[in-house]
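Notebook open. Today I want to look up how the aromatic rings sit against each other, and where a charge meets a ring.

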Amino acid sequence: MKISYGVRLSSGVIYFLLALLVFVTFYPFWNSAVISFNTGSDTSLGGVTFWPRDFTFDNYEVVFQDKRLTQAFLISILRTVAGTLLSILLTAIFAYGMSKKELVGRKYYMIFCIIPLYFDGGLIPSYMLVRSLGLMNSFWVMIIPALISIWNMIVFRTFFRQLPDSLEESARMDGCGYWKTLFRIVLPISGPVVATLALFTAVAHWNDWFTATLYISNAKLLPIQTLLQQILSSNIMSEQMMQTSSAAQSHMASARTITTKSLTMATMMVATIPIILVYPFVQKYFVKGVMVGSLKE
């Protein structure tokens with residue numbers, strides 16, 4: 001006789017729990033968007049939850065007319081695009097070499113790669129290394145240290161090792177070397193893993209604020225997330241944005257409707273929405289990409 005101690009939930013309860021989870025996850029983002037489109041003076045009265053009570057674009061006018069934010073937005077775009085392309089390219093090349101059984105010392109190379117995943121040198125040695133390389137206060141300090149991702153290399157290598165050997169054998173018979181085989185055959189059929197890891201890398205670059213905080217003092221090189229972190233940690237910057245904005249100076253009546261909170265929420269939306277819009281374009285690759293290595297013939 002079987003005795004089951006599990007609790008079976010009806011489909012209605014499961015749907016309710018899923019809907020509750022979606023609501024709890026999505027509501028903070030939605031409320032921030034609502035506040036960004038609501039006048040700050042009205043938001044300070046409270047009660048703004050699901051819909052703007054006093055709709056306005058004044059908060060976004062101040063954000064987009066502030067030169068520091070537009071400059072930081074461009075820096076973030078350049079950093080994300082350049083960092084993602086270079087990181088995926090170099091990591092794929094590295095992983096392709098590591099996937100070859102004929103590579104001499106392959107096991108030792110793998111050990112050297114895995115050790116940093118468990119033991120980090122620390123912040124001070126990293127700072128001293130970056131300074132000795134002359135990367136301080138440079139745009140490339142946000143890209144070069146993150147060019148090779150060991151974790152992404154392992155995922156790439158796992159995917160490459162699952163490809164049929166007949167593909168490369170036929171390419172060799174046609175006179176292709178390792179480089180031509182990689183760029184003309186292997187990478188074109190590696191769309192799922194490339195798209196998935198590219199998205200993860202792009203999100204990491206876009207959301208990273210600590211690197212610029214640590215290594216960059218030039219305000220013109222700060223990415224949007226670092227500038228947003230400074231705005232959130234200091235109300236002085238938000239007040240300066242309202243005072244220096246041409247919209248606030250030419251429309252004093254509307255300037256009084258802008259508060260630090262409403263301006264901060266508008267800045268958060270500007271910094272968050274671009275990377276969110278990327279997800280639908282690579283969603284179809286997620287299932288294949290994130291399941292690499294989970295199945296074995």
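I count a charge as sitting over a ring if NZ of Lys or CZ of Arg is within 6 Å of the ring centre and within 35 degrees of the ring normal. I'm working from a predicted model here.

Entry 1, charge and ring. I looked up R172 and found it over the face of Y178, at 4.2 Å from the ring centre.

Entry 2, ring pairs. My search of the whole structure turned up 18 aromatic pairs. One of them is F26 with F29, a tilted pair with 6.1 Å centre to centre and 45° between the planes. Why are these two about one helical turn apart? Because F26 and F29 are three residues apart in helix 1, which covers residues 11-36. I checked accessibility too: F26 is partly exposed at 45%, and F29 is partly exposed at 28%.

Entry 3, the tryptophans. I then pulled up W30 and W51, whose ring centres are 5.7 Å apart. Their planes stand at 90°, and over 60 counts as edge-to-face, so I logged the pair as edge-to-face. Which parts of the chain does this pair link? W30 belongs to helix 1, while W51 is in the loop between helix 2 (40-43) and helix 3 (58-64), so I noted distant parts of the chain, 21 residues apart. W30 comes out partly exposed, with a relative accessible area of 29%. W51 has 63% and goes down as exposed, because the cut-off for exposed is over 50%.

Entry 4, putting the rings together. I have F26, F29, W30 and W51 down as one aromatic cluster.

Note on methods
Residues numbered from 1 in each chain as written. Predicted model: local features only at pLDDT ≥ 70, side-chain atom pairs only at ≥ 80, totals over all residues. Heavy atoms only, no water. Phe/Tyr/Trp six-rings, centres within 6.5 Å; stacked < 30°, edge-to-face > 60°. Helix = DSSP H or I, 4+ residues; strand = E, 2+ residues; numbered from the N terminus. Buried < 20%, exposed > 50% of the residue type's maximum accessible area, 1.4 Å probe, protein only.
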